[in-house]
Number of protein chains: 2
Amino acid sequence: MAQQTGTTGRTPLNRDRVLGAAVALADGIGIEALSMRRLAQELGVVPMALYKHVANKDQLLDGMLDLIVGAIVPPAPGTDWRSAVRQRVLAARSALLGHPWAAQVLQSRARPTPAVLAHTDAVIGIFRSGGFSVDLTHHVMHALGSRLLGFTQELFDDSAGPATPPALPPAALRELAARYPYVAELAAGATHDQGSVVGRGCDDQFEFEFALDLLLDGFDRLHRQGWTSGG
Amino acid sequence: MAQQTGTTGRTPLNRDRVLGAAVALADGIGIEALSMRRLAQELGVVPMALYKHVANKDQLLDGMLDLIVGAIVPPAPGTDWRSAVRQRVLAARSALLGHPWAAQVLQSRARPTPAVLAHTDAVIGIFRSGGFSVDLTHHVMHALGSRLLGFTQELFDDSAGPATPPALPPAALRELAARYPYVAELAAGATHDQGSVVGRGCDDQFEFEFALDLLLDGFDRLHRQGWTSGG
DNA sequence: GTACGAGGTGTACGGCGTACACCTGCTGCG
DNA sequence: CGCAGCAGGTGTACGCCGTACACCTCGTAC
């Protein structure tokens with residue numbers, strides 16, 4: 001179409017074009033059919049050309065995810081905590097809605113991507129600014145769990161596993177803390193068993209039961225008052 | 001070890017041995033490193049031998065999942081609904097806990113496996129027996145969402161997508177309904193827009209907001225009363 | 001003893017991610 | 001102008017994957 005000089009004229013590739021095409025392709029043919037080769041073909045280019053713009057397929061997936069998560073529209077400043085959280089979560093949902101593969105990719109990432117961290121940090125910030133204690137905010141974030149997007153878990157998780165990525169070096173942790181202050185605050189209060197300000201470890205079982213009981217409480221209340229979706 | 005007659009003596013393969021070895025292997029080396037070839041090697045057998053016991057890799061994954069989900073211990077009969085749900089969900093959690101790959105595999109399945117359906121049916125049954133209306137049960141199951149195990153969504157979902165499996169033939173649907181009566185009851189009440197008893201379609205957005213608001217209500221209550229995890 | 005079928009084997013194919021060496025054409029500098 | 005440098009596209013190749021298909025080898029039933 002837009003050839004210009006001679007043999008290879010079509011507007012040169014770049015990371016954004018690659019990611020955009022990948023998202024569109026995944027939307028079209030499904031995430032499991034998305035391959036580097038297929039994507040290259042779609043872009044009219046040889047497979048290896050992609051590697052000049054993304055390090056490997058995993059980074060491609062990370063980039064695709066961040067493209068979508070980064071498009072989440074933040075609520076207007078000054079909104080009360082409840083509406084702000086509600087709006088942000090619903091915005092996240094609508095951002096993900098058109099890309100059925102996104103949730104699955106999210107789940108499969110070993111570490112949260114920058115946009116995901118930024119979103120998490122923002123939601124934590126809403127609770128903290130709304131007067132929630134670090135403690136309650138922590139539990140509440142766990143309870144929101146996958147409803148946030150699906151990625152709250154294992155932010156600074158130390159639990160082992162065959163596929164556990166290597167621990168981040170201290171310098172990287174410090175940079176993370178600077179960039180995502182609310183995440184860091186929660187982590188400081190919850191994940192270190194010794195030497196932390198709060199001193200409680202993060203007990204996954206407790207978090208799970210906390211969220212479960214919160215829901216069961218709600219169910220019970222609705223049930224007792226004869227709630228119906230009609231009104 | 002247990003060779004007996006001559007060349008090929010080791011107790012012959014069967015589906016259960018294959019699935020068991022696959023689970024153990026996935027636990028050991030991670031789900032993404034699990035390949036038919038690697039599994040065959042672990043069993044001292046040529047890769048193609050596995051195909052005499054599982055149709056393909058997808059069915060292998062389904063079988064592995066069902067092995068784990070099938071091990072969920074049901075609560076004692078006669079338990080009140082709240083304790084029963086609580087116990088069942090916690091039992092599901094503990095069944096999945098030792099297999100970090102299970103949740104991810106669950107998410108990736110196009111259709112729920114039999115054990116997953118059975119579990120879902122059982123939980124629905126608890127609510128119904130506890131006096132919950134079909135309507136409330138439906139919403140409540142959505143709210144439980146991934147906390148049930150991660151598979152409540154898209155049971156009879158008609159939403160399209162590139163990887164959508166072909167619709168089940170009516171005969172298969174009827175068999176499903178017979179085997180999982182509570183699931184069928186919910187489906188009848190919710191997924192058909194016309195000709196159903198209740199007549200409301202299943203509005204995913206509504207379900208999402210229902211669950212979100214239930215949680216936000218809970219958060220608000222805890223926040224107001226100055227709740228702390230200490231007690 | 002012979003036919004049969006369940007279950008293990010061997011070979012082969014097409015697709016995957018990607019390492020590595022190469023080429024090409026634009027840029028800036030003498 | 002000439003030419004070095006380099007960003008970015010190319011071609012080839014390797015080792016892995018899932019699995020189709022034809023084959024062989026037993027234990028068993030008749």
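**Entry 1: how the two chains meet**

I began with the contact between chain A and chain B in this predicted model. I found that 100% of the interface residues of chain A are also interface residues in chain B, so the copies meet through the same surface. I noted 40 residues from chain A and 40 residues from chain B in the contact. On the chain A side, I looked up which helices give at least two residues each, and my list reads helix H1 (15-29), helix H4 (81-97), helix H5 (102-108), helix H7 (134-144) and helix H10 (204-224). H10(A) has the largest share of that side, with 12 residues. Sorted by class, the side of chain A that touches chain B holds 20 nonpolar, 12 polar and 8 charged residues.

**Entry 2: symmetry**

Next I wanted to know how many degrees of rotation superpose chain A on chain B. It takes 180 degrees, with 0.0 Å of shift along the axis, and the RMSD is 0.0 Å. The two copies are thus related as by a two-fold rotation axis.

**Entry 3: DNA strand C**

I then turned to the DNA. There are 18 residues around DNA strand C, and the nearest are Ser35(A), Met36(A) and Asn56(A), together with Pro12(B) and Met48(B). I see that both chains appear in that list. Helix H2 (residues 36-42) of chain A gives the most to this surface, 3 residues. By class I wrote down 9 nonpolar, 5 polar and 4 charged residues near DNA strand C.

**Entry 4: DNA strand D**

Which residues come nearest to DNA strand D? Out of 18 around this strand, they are Pro12(A) and Met48(A), along with Ser35(B), Met36(B) and Asn56(B). Here helix H2 (residues 36-42) of chain B supplies the largest share of the surface, 3 residues. My class tally for the surface near DNA strand D is 9 nonpolar, 5 polar and 4 charged.

**Entry 5: the core**

I looked inside as well. The largest nonpolar core has 90 residues, and those touching the most other members are Ala22, Ala26 and Met64 of chain A and Ala22, Ala26 and Met64 of chain B. I followed Ala22(A) further: setting aside neighbours within four places in sequence, Ala22(A) is in contact with Leu34(A), Leu39(A), Leu60(A) and Met64(A).

**Entry 6: domains of chain A**

Last, I checked the domain assignment, which gives chain A a domain 1 (7-54) and a domain 2 (76-231). Between them, 5 residues of domain 1 are in contact with 4 residues of domain 2. The domain 1 side of that contact has 3 nonpolar, 1 polar and 1 charged residues.

Terms used: Residues are numbered from 1 along each chain as its sequence is written. Chains are lettered from A and ligands numbered from 1 in the order in which they are written. This is a predicted model: local features need pLDDT of at least 70, side-chain atom pairs count only at pLDDT 80 or more; totals for chains, interfaces and linings use all residues. A residue is near a molecule or strand if its C-beta atom, placed from the backbone, lies within 6 Å of it. Helices (H or I, at least four residues) and strands (E, at least two) are DSSP runs, numbered from the N terminus. Ala, Val, Leu, Ile, Met, Phe, Trp, Tyr, Cys and Pro count as nonpolar, Asp, Glu, Lys and Arg as charged, and the others, Gly among them, as polar. Copies are superposed by least squares on the C-alpha atoms of residues with pLDDT of at least 70 in both. Two residues are in contact if their C-beta atoms, placed from the backbone, lie within 7 Å. A nonpolar core is a set of buried Ala, Val, Leu, Ile, Met, Phe, Trp, Tyr and Cys residues joined through C-beta atoms within 7 Å. A residue is buried if 20 or more other C-beta atoms lie within 10 Å of its own, exposed if 12 or fewer, and partly exposed in between; C-beta atoms are placed from the backbone. Domain bounds come from an automatic or database domain assignment.
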